[in-house]
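Let's take a walk through a protein chain together. Keep the picture open and turn it as you read.

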Amino acid sequence: MAKATPKSKKTTKKPASNPNLKYIKWFWITFASGILLIAIVFLLASMGVFGEMPKFAELENPQNDLATQIISSDGKQIGTFFKENRTPVKYEDLPEFLVEALIATEDARYYEHSGIDARGTLRALFFLGTKGGASTISQQLAKQLFTGGSRNKFERYTQKIQEWVIATRLERQYTKDEIITMYLNKYDFLNQAIGISSASRIYFGKNPKELEIQEAAVLVGMLKNSSLFNPLRRPEMVRERRDVVLAQMEKYDFITATKKDSLQALPLKLDYSPEGHSDGTATYFREYVRSWMADWVKANPKGKNEDGEQEFFDIYRDGLQINVTIDSRMQKYAEEATQEHMANLQKEFDKQEKENKTSPFRDLTKQEVSSIIKRAIRTSARRAKMKAQGKSEEEIVASFDKKTEMKVFSWKGEIDTIMTPKDSILYYKQFLRSGLMSMEPQTGQVKAWVGGINYKHFQYDHVYQGARQVGSTFKPFVYATAIDQLKLSPCDTLPVSQITIPVGSHGVVENDWTPKNSGGEYSGYLSLKAALAGSVNTISARLMDRIGPAPIVRLAEKMGIQSNILPVASIALGSVDLKLSEMVGAYSTFANQGIYTKPVMITSIEDKNGTVLYQFVPETKDVISKEAAYVTVNLMEGVTQSGSGVRLRTKSRTRYDYKNVVTGYPYEFTNPIAGKTGTTQNQSDGWFMGMVPNLCTGVWVGGDDRATHFETVTFGQGATMALPIWGLFMKKCYADKTLNVSTEAFERPENLSIAVDCEAYKSSQKQEEALEDEFGF
């Protein structure tokens, strides 16, 4: 039997082990752990472990301090009140190329991500930030709104995580357009330019919608670091950064290469218009508005909060809109006219003061000068500040004799100098001051308000605060009262001879009152029209004597004058101190056919949502008849036809250029103008009140102290000091056809019973005399 062959034993081969398996396993463990860790970190961040996170309500309505805007009657922003000068702008008011520049420079994949740019983040991590940052626009907004600055690197890392979380929440809460709008409204562009609207105005004098591409590129370039790319300090760096933005726009096909090259070739052109409270236009008016708003806020509370406490509007944070009557164009012309004339007038004043040993004062003793300086020290801002710091009176007084660095005003610009505060008081006393107010008689709307020559250095408002002696500008009130009561005609004549008002009559005390005429002439007769044109004192005194001072005072009060006027004989010559704002309001009554309209400065107030909080109601009242008002206007037209205001009609031929404005008259107006000049004793105050049918404008010029004045009436009269400002202002207004300032005649009442045509009046008088001679009646 054959031997069986044994079965061969089957052997199983062990598979070869993969040496990378354990690494793969650890990779996935690490990767999963990383994902889990990131998720935990984001969860912790969202729970507020790394710092307080915004609540849903805060995300829904982020809180920003919003500037209150002052909007002119022609729709221009002329000022703001702010803690942060932020004026919100809507997305539709942003030019398309501004948004394109922002996206091309800051976040090219903005419309592709949901708050976090994964590609940008990985690139930043891999290259440690050397190839550009990873912050999206949403993250940058999150940082601005909710995270702020950090003290160390660890805190910055945790804040970065918070920003990621907030950015994704913002993306869920808002549209892409809304996030861009919020970001541009929030960013601080420096120099009190917070938000794109303020930045556009401050750096370029425009609203965002009016920007050009290269200007938008400048502002977008500043977003990287506004402190570094500050146009006022580093213009070359800003231009280079602008060109980078333009290159990015070309890279992402927002502009062509040709367009980029042409824009990069342009110089950096700024129109810097600071918006601090002492800067910009209508500074004195804005201070009046601030004071008015302080009273309005107290009288108009918001309502009660959750704790039952009364809440009030905050004009620095609540983003109100104050609509005012000022016309930005007329305000600009008024400020220009004031600066042009006052700079030239000051040249002549300084020239004459070289011979004055007591400059800038005249006719004062050393003791009187010392009293002025002491009074100025007592009322100075420096003393008030030191007093608040707890300084003793001795320390305060001594500080005024210590030299210190300071910036002082000059008509050529601010001067850096070193002087004692006491010397600076004397320095500022030498400057002549001025005020101008212009108003529509029919509506009461104030269109221009210039309270002084420079608000930063001279904050006293000569429109609303200062009351100065009005001189002959008060005479129209005397004439108007006489016409209203006695039905006098401008053609009626009175003797020029002197008149004496005895003690005990018309408030005269101590000595009889005998007014004098400036020219020393007292012979013959003059018509009322010629008398007012020549500002003849004796005829004004005769009119006052016939009607008494009390009716004149009553008329002035009905015309809105609130300053105290004593019913004494001397008011016939304007011995009373009144405010320019009162004079303009009162004179406007004549142009408005005898109806007084209270001056209006603020028409309405709106909250940030456009809800009207205040609407003005016009205040008017009948004061004198249409006839009396028209006849008084007719009398004042004589002032510009043949009297002290006649230089408005002609053109001077003086030799020195600056004197063409100071003592000359390059105006050549041909339209009807009613007006009155005023010059007070010793030339301390110069006035001109001028009217056309739809605009009444008053101007005052003088020194801070009445002892600061010209030596002679040649330069010190109202026709030289104040009238040129009116003339320059009106020339500019007439040149701007969009303003529609009237060149027409004043409206004549129907069935006018008082004769104003003196030629016809004389003819009729001769006929009456002939009839009387012939028939005895």
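## A guided tour of the chain

Let's begin inside a helix: Ser540 lies in α20, which covers residues 537-547. Is this serine buried or exposed? With a relative accessible area of 0%, Ser540 counts as buried, because anything under 20% falls in that class. So what does it touch? Leaving out residues up to four places away in sequence, Ser540 is in contact with Lys475, Val478, Tyr479, Ala572 and Leu573. Click on those five and you'll see what is around this serine.

Before going further, keep in mind that you're looking at a predicted model. Now zoom out. The chain has 777 residues, and 50% of them count as buried. Its secondary structure comes to 28 helices and 20 strands. Now take the contacts between residues at least 6 apart in sequence: 69% of these join residues at least 24 apart. As for the outside, the chain exposes about 39,200 Å², with carbon and sulfur atoms supplying 51% of that area.

For a helix that is mostly covered, head to α8, residues 196-204. How many of its residues are buried? The count is 9 of 9. The buried residues of α8 include Ile196, Ile202, Tyr203 and Phe204, but also Ser197, Ser198, Ser200 and Arg201. What covers them? Among the elements doing this are strand β2 (77-81) and the helices α3 (96-106), α7 (176-186) and α9 (213-222). Right after α8 comes Gly205, which has a positive phi near 65 degrees.

That brings us to backbone angles. Gly205 is a glycine with a positive phi, but Asp253 also has a positive phi, about 65 degrees, although it is not a glycine. You'll find Asp253 in the loop between α10 (235-251) and α11 (257-264). Its relative accessible area is 68%, so Asp253 is exposed. Another residue of this kind is Asn682, whose phi is near 65 degrees. Asn682 sits in a loop too, the one between β18 (674-679) and β19 (685-692). At 41% relative accessibility, Asn682 is partly exposed.

One more backbone feature deserves a stop. The peptide bond leading from Ser359 to Pro360 is cis, with an omega near 10 degrees. Pro360 belongs to the loop between α13 (328-353) and α14 (366-378).

Next, look for charged side chains that pair up. How many salt bridges does a search of the whole structure find? It finds 32. One of them joins Asp318 to Lys302, with the closest N and O atoms 3.3 Å apart. This pair links distant parts of the chain: Asp318 is in the loop between β4 and β5 (321-324), while Lys302 is in the loop between α12 (283-299) and β3, 16 residues apart. The partners differ in their cover: Asp318 counts as buried at 18% relative accessibility, whereas Lys302 is partly exposed at 42%.

Compare that with Arg362 and Glu353, whose side chains meet in a salt bridge at 3.1 Å, N to O. Here both partners are buried. Then there's Lys456, which pairs with Glu414, their closest N and O atoms being 2.9 Å apart. Lys456 lies in the loop between β9 (446-450) and β10 (467-469), and Glu414 in the loop between β6 (404-408) and β7 (415-419), so this pair ties together parts that are 42 residues apart in sequence. Lys456 is partly exposed at 43% relative accessibility, and Glu414 is partly exposed at 39%. Salt bridges can also share partners, and in that way Arg375, Lys429, Arg433, Asp704 and Asp705 are joined into one network.

Our last stop is on the surface. Which residues form a negative patch here? They are Glu306, Asp307, Glu309 and Glu311. Pick out Glu309, which lies in the loop between β3 (303-304) and β4 (310-311). At 48% relative accessibility, Glu309 counts as partly exposed, because the exposed class starts only over 50%.

Key: Residues numbered from 1 in each chain as written. Predicted model: local features only at pLDDT ≥ 70, side-chain atom pairs only at ≥ 80, totals over all residues. Heavy atoms only, no water. Patch = residues over 30% accessible without salt bridge, like charges linked within 9 Å, V, L, I, M, F, W, Y side chains within 5 Å. Areas by Shrake-Rupley, 256 points an atom, 1.4 Å probe, with all protein chains shown as cover. Salt bridge = Lys/Arg side-chain N within 4 Å of Asp/Glu carboxyl O. Lys, Arg positive; Asp, Glu negative; His and termini not counted. Charge placed at Lys NZ, Arg CZ, Asp CG, Glu CD. Helix = DSSP H or I, 4+ residues; strand = E, 2+ residues; numbered from the N terminus. Buried < 20%, exposed > 50% of the residue type's maximum accessible area, 1.4 Å probe, protein only. Contact = heavy atoms within 4.5 Å.
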